[in-house]
Amino acid sequence: MSVGAEKVVCVTGASGYIALWLVKLLLQRGYTVNASVRDPNDPKKTEHLLMLDGAKERLHLFKADLLEEGSFDSLVDGCEGVFHTATPVYLRAKDPQAELIEPAVKGTLNVLRSCAKVSSVKRVVITSSLGAVVYSGKPLTPDVLVDETWFSDPAFCEESKLWYTLSKTLAEKAAWEFSKENGIDMVAMHPGWASGSLLQPTINSSLKPFLKIVKGGAKRIPFISPWVDVRDVANAHILAFKNPLASGRYCLVGRVLQFSEFVKLMRELFPNIKLFEKCEDDHPFASSYMVSRERAESLGLKYNPVEVTLKDTFESLRASNFFNI
């Protein structure tokens with residue numbers, strides 16, 4: 001019998017990049033999955049979900065809106081685990097409050113309110129971001145080891161116009177407060193730049209910069225990147241749900257790469273690719289640092305080598321006809 005047999009869990013924002021891999025791995029492991037999407041009748045949002053192995057038997061789609069209180073009630077009812085991944089992801093926003101911050105904070109609280117109504121939920125795993133960890137105002141230098149005790153400073157994020165980072169920082173803060181007040185067992189995952197194979201037909205926000213770089217369209221690249229394989233992120237979420245000793249926050253970064261390291265690896269993997277010789281970077285936060293892997297590895301997580309992630313990202317984008325090289 002599969003490890004997740006007869007267990008019911010739910011995933012919010014299931015058509016997203018990380019969430020889709022999470023649904024795939026959960027189905028592979030025998031779980032029944034309640035999955036929320038904004039429109040279950042939109043094939044562009046659901047077709048790739050319904051094609052996953054096990055989806056016909058054990059995947060149930062629900063319509064839910066982050067801004068609508070009670071929208072997640074039916075989704076979480078009867079679930080043992082709740083994976084909250086849904087959030088807007090925009091690197092730029094005309095109205096950050098409406099486009100990013102409000103949906104992230106209110107959406108997280110609405111999911112947690114639904115969880116607080118039912119006794120079946122044993123643990124909630126939320127997908128935060130490394131951005132909610134590193135932007136504390138502390139210098140990020142080669143001798144610095146970022147770990148789970150770091151918290152991004154909302155004032156610093158706002159001053160720096162890091163709107164997505166601010167939305168994740170505020171959403172996590174609100175989640176911890178609500179969970180403590182309502183006795184919810186919550187764990188927060190903090191992935192870096194998630195990359196790897198695509199399961200959806202459209203390109204997501206985290207892979208757009210990668211595509212721009214390999215197509216030669218990026219002239220200024222803020223490139224000190226904390227890489228993590230999307231499959232490792234999804235697997236870490238499941239490990240955090242299954243492990244009764246899991247608690248608190250987990251940074252998910254396989255390796256931090258400088259631009260020169262990225263170029264070297266890409267040229268070794270794909271000798272014909274044309275990349276910039278150097279990074280013409282004026283980004284104030286692009287500085288080398290390290291991220292602790294200790295807590296994530298204590299869950300049993302084994303990271304894919306960054307070479308595998310880069311290769312699979314490139315090949316997946318090429319196979320999906322996003323470029324021809």
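## Cysteines without disulfides

A disulfide is a pair of cysteine sulfur atoms within 2.5 Å, and in this predicted model the structure holds zero disulfides. Cysteine 115 is one residue that shows how the cut-off works: the nearest cysteine sulfur belongs to cysteine 10 and is 6.3 Å away, so, with a limit of 2.5 Å, cysteine 115 is in no disulfide. Cysteine 251 is likewise in no disulfide, the nearest cysteine sulfur being that of cysteine 157, at 15 Å.

Are these two cysteines buried or exposed? Cysteine 115 counts as buried because its relative accessibility is 4%, and cysteine 251 is buried too, with a relative accessible area of 0%.

## The sheet and its edges

Strands of a sheet pair through backbone hydrogen bonds, and the pairing can be either parallel or antiparallel. Here, seven strands form an open sheet with parallel pairing, in the order β3-β2-β1-β4-β5-β7-β10. The edges are taken by β3 (59-63) and β10 (248-252), and because each has a single partner strand, one side of each is left without a neighbour in the sheet. From one strand to the next, the twist averages 20°.

At the β10 edge, the partner is strand β7 (residues 186-191), which runs parallel to β10 and is joined to it by five bridges. Cysteine 251, described above as buried, takes part in this pairing, since it is the bridge partner of histidine 190.

## Helices packed on the sheet

Helix α2 (residues 43-50) packs on the sheet and touches β2 (32-37) and β3, with a direction that makes about 165° with that of β3. Helix α8 (residues 163-182) also packs on the sheet, where it touches β5 (123-127), β7 and β10, and its direction makes about 165° with that of β7.

Threonine 165 is found in helix α8, and it counts as buried because its relative accessibility is 10%. Leaving aside residues up to four places away in sequence, threonine 165 touches Gly131, Ala132, Tyr135 and Cys157.

## Salt bridges

Side chains of opposite charge can pair when their charged atoms come close. A search of the whole structure finds 13 salt bridges, and one of them joins glutamate 172 to arginine 249, with the closest N and O atoms 2.8 Å apart. This pair links distant parts of the chain, as glutamate 172 lies in helix α8 and arginine 249 in strand β10, 77 residues apart. Both glutamate 172 and arginine 249 are buried.

Other salt bridges lie within a helix. In helix α11 (residues 259-269), glutamate 268 and lysine 264 are four residues apart, about one turn of the helix, and the closest N and O atoms of their salt bridge are 2.7 Å apart. Lysine 264 is exposed, with a relative accessible area of 52%. Glutamate 315 and arginine 318 are separated by about one helical turn because they are three residues apart in helix α13 (residues 306-319), and in their salt bridge the closest N and O atoms are 2.9 Å apart. Glutamate 315 is partly exposed, with a relative accessible area of 28%, and arginine 318 also counts as partly exposed, at 26% relative accessibility. Finally, a network of salt bridges links Asp229, Arg231 and Asp312.

How values were computed. Residues numbered from 1 in each chain as written. Predicted model: local features only at pLDDT ≥ 70, side-chain atom pairs only at ≥ 80, totals over all residues. Heavy atoms only, no water. Buried < 20%, exposed > 50% of the residue type's maximum accessible area, 1.4 Å probe, protein only. Pairing = 2+ DSSP bridges. Helix = DSSP H or I, 4+ residues; strand = E, 2+ residues; numbered from the N terminus. Axes fitted to C-alpha atoms, helices over the stretch in contact; angles between N-to-C directions. Contact = heavy atoms within 4.5 Å. Salt bridge = Lys/Arg side-chain N within 4 Å of Asp/Glu carboxyl O.
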